[in-house]
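Visitor: Hi! I've just opened this model and would love a tour from you.

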Amino acid sequence: IEPMEKFPTQSKIFHLILFGVGLAEQIPLVAQVTDCRNLILIEPHIDFLYHSLYTFDWTWVFQTFSQEKFKLSIIVETDPEMVFIAAADAVQTFAPHLTDGLTLYQSYEDDLINHITSEAIKRSRDFVSSSGFFEDECDMVANAYRNLQKLLPQS
């Protein structure tokens, strides 16, 4: 029996919460490396988001995350509680059963961003509690059905 890995061995995830959009240059890089499907951008400083419209071409982000099996949420809020509620809602409303690989990424250091990120980390268990157990069971039944359909009946 092989031991279970202590740390993740791959970078592929479903939910990515990025704290601090800044000028946004890092978004496509992080999104492509993680191959995320649900991108949640949190920027408490609306001026940074506004400036990014002049320094960064958002086309790839909007085109990619407007596709059918993708989702983009942009949260502009300074209250850590409201940020957490909005981020949790963004996770819970799109494949909540895939929260096991949820990743939090902080783009830059700033007192407000640090505070919001640390509060989210403290409450990260809340992201996965009561998250999508019914959907997970539906996926398992659907996968079992697809796998069993491939079998030929014995005569």
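**Helices first**

Guide: Happy to help! Helices α4 and α5 make a right-handed crossing, meaning that the near helix is turned clockwise from the far one by less than a right angle; anticlockwise would be left-handed. The contact (heavy atoms within 4.5 Å) involves Pro80, Val83 and Phe84 from α4, and His115, Ile116, Glu119 and Ala120 from α5.

Visitor: At what angle do α4 and α5 pack?

Guide: About 55°, with 9 Å between the axes of α4 (residues 80-92) and α5 (residues 111-122). Axes are lines fitted to C-alpha atoms, for helices over the stretch in contact, and angles go from 0 to 180 degrees between N-to-C directions.

Visitor: Before I go further, where do these values come from?

Guide: The model is predicted, so local features need pLDDT of at least 70 and side-chain atom pairs 80 or more, while totals for chains, interfaces and linings use all residues. Residues are numbered from 1 along each chain as its sequence is written, and side-chain values use heavy atoms, leaving out hydrogens and water.

Visitor: Okay, zoom out. How many helices and strands does the protein chain have?

Guide: Seven helices and four strands. Both are DSSP runs numbered from the N terminus: H or I of at least four residues for a helix, E of at least two for a strand. Along the sequence, the protein chain reads β-α-β-α-α-β-α-β-α-α-α.

Visitor: And what share of the residues is buried?

Guide: 37% of the 155 residues in the protein chain. Buried is under 20% relative accessible area, exposed is over 50%, and partly exposed is in between (1.4 Å probe, protein chains only). As for contacts in the protein chain with a separation of 6 or more, 70% of them come from residues 24 or more positions apart.

Visitor: Now the sheet. In what order do the strands come?

Guide: The order is β3-β2-β1-β4, in an open sheet of four strands with parallel pairing. Strands pair if DSSP finds at least two bridges between them. β3 and β4 (103-106) are the edge strands with a single partner each, so each has one side without a neighbour in the sheet. From one strand to the next, the twist averages 15°.

Visitor: Which strands does α5 touch?

Guide: β1, β2 and β4: α5 packs on the sheet there, and its direction makes about 165° with that of β4. So α5 turns up twice in our tour, since α4 also crosses it.

Visitor: How many bridges join β1 to β2?

Guide: Five, and the two strands run parallel. One pair to look up is His15 with its bridge partner Asn38 in β2. β2 and β3 run parallel too, and five bridges join them. Across that pairing, Ile40 faces Ser73 in β3, while Ile42 stands opposite Ile75 in β3.

Visitor: Which faces of β1 are covered?

Guide: Both of them: His15, Ile17 and Phe19 are buried on one side, as are Leu16 and Leu18 on the other. That makes five of five residues of β1 buried. In a regular strand the side chains alternate between the two faces of the sheet.

Visitor: And which residues of β3 are on its covered face?

Guide: Lys71, Ser73 and Ile75, whereas Leu72 and Ile74 make up the uncovered face of β3 (residues 71-75). Ser73 has a relative accessibility of 13%, so it counts as buried. Apart from residues up to four places away in sequence, Ser73 touches Leu39, Ile40, Leu41 and Ala90.

Visitor: Leu39 and Leu41, noted. What is Ile27 in contact with?

Guide: Those two again, plus Leu18, Val21, Trp58 and Val61, leaving aside neighbours within four places in sequence. Ile27 lies in helix α1 and has 1% relative accessibility, so it counts as buried. From Ile27 to Leu39 the C-alpha separation is 9.2 Å, with their positions 12 residues apart in sequence.

Visitor: Last topic, backbone. Which residue other than glycine has a positive phi near 80°?

Guide: Ala24. Ala24 sits in the loop between β1 (15-19) and α1 (26-34), and with 0% relative accessibility it counts as buried.

Visitor: What about phi of Asp35?

Guide: That is positive too, near 55°, again in a residue other than glycine. Asp35 belongs to the loop between α1 and β2 (38-42). Its relative accessibility is 32%, so Asp35 counts as partly exposed.
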